[in-house]
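Please look over the chain shown here, first as a whole and then around one strand and the helix that comes after.

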Amino acid sequence: MKFLNLWGLFGFLGLLALIIIYILKPKYQDKTLSSTYIWKLSLKYRKPKTPFDWLKSSLIFILQVLIITTLAFLMLEPHYQLQSVSGEKIAIIDASASMQKEGNKGSYFDLAKAEIVKLAEKTTPKDRFTVIYASNDPVYAVRRSDSIDYIKQNLTNLKATYEAVDLTKSLDLLENVLRENPSASVYLFTNKEVEVPSKVNVIDLSVSEWNVGIIDFKASLQSNGYYLFEAELLNYGKNANFALTLYVNGIYRQSVLIDMNDGETKRVAFESQQVLTYQD
């Protein structure tokens, strides 16, 4: 669990104020009068003292402490991070008017929805999946769900708009999910060139309705002192054969022939590369 609003810590100052009030308030003293002395004395012997008698005089103070503590805790906005087993994914679907353009397999928007379903089927039920409907008033179509039926149902109801859309307006919704799980993979389904943060993988639906994206790339230093290079690819649109080429520090190293099915994700390792130094 983490707290999204640390300013809520100031709410606990209410406890200090409450203690000061109780310290400064007038003290009331019990005074025994002759007319009541005998009655009180008799009660002392007739009524046994219970272990929790002190609660009677302190009950209001305890309740006030609990109320202030609860309110301060809520002000901190506690958040529980839902765990993801093999990789949470966030799909942003461009809802601008240009996505209504018809391609070989229907409109770009329908194609995007179909590709998002394929992606969701690979990441649920063990992983969380989010869909952001990127209009000029962006909303979560799906927020961190692990139900493929729920994802499909909500995607079915989505339609492209009749206006130009500023996709950067969706970044706030994206950042909210990334704060909960910074390791989530992000995909933007669109049919136009856009500038997005480096973490966002742009799936350009206009490129002959076939595209291969490098969704992850890493270089890890091995025990033998050399680097191992690995790339994770996402293919959509059709079954395809293509070559993947590795350049290290601007120098050609290796090409690998890849055979991938439509919608498949594959990790490719470039082995036997005797690279001792590597620059991002």
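The report below moves from totals for the chain to one serine and then to one helix.

The model is predicted, and its secondary structure comes to six helices and 14 strands. Some totals for the chain are set out in the table.

| Quantity | Value |
|---|---|
| Buried share of the 280 residues | 35% |
| Share of contacts between residues at least 6 apart in sequence that join residues at least 24 apart | 64% |
| Accessible surface of the chain | about 18,000 Å² |
| Part of that surface belonging to carbon and sulfur atoms | 57% |

Within this chain, Ser 107 belongs to strand β5, which covers residues 106-107. Ser 107 has a relative accessible area of 6%, and because buried means under 20%, Ser 107 counts as buried. When residues up to four places away in sequence are left out, Ser 107 touches Met 99, Gln 100, Lys 101 and Glu 102. Its side chain also reaches the backbone nitrogen of Asp 110, at 3.1 Å.

Asp 110 falls within the residue range of helix α4, residues 108-123. How far apart are the end C-alpha atoms of helix α4? They are 23 Å apart, which agrees with the 22 Å that the 16 residues should span at 1.5 Å a residue, because the expected span is 1.5 Å times one less than the number of residues. The buried residues of α4 include Tyr 108, Phe 109, Leu 111 and Ala 112, and further along the helix Ile 116, Val 117, Leu 119 and Ala 120 are also among them. Lys 113, Glu 115 and Thr 123 of α4 are buried as well.

Methods. Residues numbered from 1 in each chain as written. Predicted model: local features only at pLDDT ≥ 70, side-chain atom pairs only at ≥ 80, totals over all residues. Heavy atoms only, no water. Helix = DSSP H or I, 4+ residues; strand = E, 2+ residues; numbered from the N terminus. Buried < 20%, exposed > 50% of the residue type's maximum accessible area, 1.4 Å probe, protein only. Contact = heavy atoms within 4.5 Å. Areas by Shrake-Rupley, 256 points an atom, 1.4 Å probe, with all protein chains shown as cover. Polar contact = N/O pair within 3.5 Å; in protein donor to acceptor, adjacent residues only side chain to side chain.
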